[in-house]
Amino acid sequence: MRRALPLVALMVASSAGAEPLIVDNGRLFIQARINGFQTEALLDSGAESSLFDPKLAAEAHFGDGEKVRMKGSGGEQDVEVVSNVKIEALGRTIPAAEVVVMDMTDLSTRLIKRPTRAIVGREVFDAGPIRIDLAKSDIQTMEAGAVPRGVKLPLTTNRGIETVPVTLGKAPTQAVLDFGNGTGVMIGKELAEKMKLKVVGKMRGGGIGGEIERDVVILPDLTLAGRKFRKLRASIDATSSRADLNIGTPILKYFIVTADFKGRSAWFEPVGGGRN
């Protein structure tokens, strides 16, 4: 989403440990408590703020909020920004988060393809290290200062979301680390034009604001943390909030990823063998 929402309070980490994780259609679902109300939530490192359906907001007794018009990848949508919402997830607590309340019917049915009334965003990752093994459907919180296995890459913030360095062909660039993206790689319009990539098809996409159609190109070799991916199909992102690249779970599933937003680093431990 485009409107950056500041964190009101940092999460307080508890002891590290494994948590239940469901991987469905390339998306991650965890258990969360919202103002004490238990619900399943999609985990999205690319969301600047957590999102909740109005019916859940009513059940969890949210206070009054500010009505705004929010721009998303599919257009604009009326939402409400509410403060002082308590989020508990992965053994950690945000005591006073600022969140977005919006009708999630379209997102749930069209894009996520699973009944979803809650999306917990980067607030969860801002708390401390989280280790995600998609291949084994395993997620664990890590203690601050832990040194995971794998290739360590720096995190760089771009418009409120975190990016990691990758190489596209022979050119270094930054890619959004997006566990909420279950559909694949996206490339920004300017970068696609600069690289003179040929359009080979179309695909439907779009998040907040509705469905859109995107051009599809074939990328040159993409290298992440020393692992090379060949002949990747990527959709062109022409939105105003676009990044050069966005990599989702179809790429991240080849690694055990430990993301430490506060520590400004992420570790990538390859799983499986061979190159893609």
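What share of the 276 residues in the chain is buried? In this predicted model, buried residues account for 53% of them. The chain is built from five helices and 24 strands. Of the contacts between residues at least 6 apart in sequence, 66% join residues at least 24 apart. The accessible surface amounts to about 12,200 Å², and carbon and sulfur atoms contribute 50% of that area.

Turning to the interior, nonpolar side chains in soluble globular proteins tend to be buried together. Here the largest nonpolar core gathers 61 residues, and those with the most contacts inside it are Phe-62, Ile-187, Leu-219, Leu-224, Leu-245 and Phe-268. Another core, of 13 residues, lies apart from it and includes Leu-42, Met-70, Met-102 and Met-104. Ile-187 offers a handy view of the surroundings of one residue: leaving aside neighbours within four places in sequence, its contacts include Leu-168, Val-217, Leu-219, Ala-243 and Leu-245, along with Ser-235, Asp-237 and Asp-244.

Some of the residues in contact with Ile-187, among them Ala-192, Leu-197, Ile-236 and Asp-237, also line the second largest pocket. This pocket has a volume of about 160 Å³. Its lining divides into five nonpolar residues, one polar and six charged; Lys-189, Glu-193, Glu-213, Arg-214 and Asp-215 are among the lining residues, as is Thr-239. Which elements each supply at least two residues of this lining? They are α4 (189-194), β18 (212-218) and β21 (233-237), with β18 giving the largest share, four residues.

How values were computed
Residues are numbered from 1 along each chain as its sequence is written. This is a predicted model: local features need pLDDT of at least 70, side-chain atom pairs count only at pLDDT 80 or more; totals for chains, interfaces and linings use all residues. Side-chain values use heavy atoms; hydrogens and water are left out. Buried means under 20% relative accessible area, exposed over 50%, partly exposed in between (1.4 Å probe, protein chains only). Contact means heavy atoms within 4.5 Å. Accessible areas come from the Shrake-Rupley method with a 1.4 Å probe; for residues, only the protein chains shown count as cover. A nonpolar core is a set of buried Ala, Val, Leu, Ile, Met, Phe, Trp, Tyr and Cys residues joined through side-chain atoms within 4.5 Å. On a 1 Å grid over the protein atoms alone, a cavity is a set of points where a 1.4 Å probe fits but cannot get out, and a pocket is an open set with protein on both sides within 12 Å along at least five of seven lines; lining residues have an atom within 4 Å of a point. Grid points are joined across faces, edges and corners, and a volume is the space filled by probe spheres set on the points. Ala, Val, Leu, Ile, Met, Phe, Trp, Tyr, Cys and Pro count as nonpolar, Asp, Glu, Lys and Arg as charged, and the others, Gly among them, as polar.
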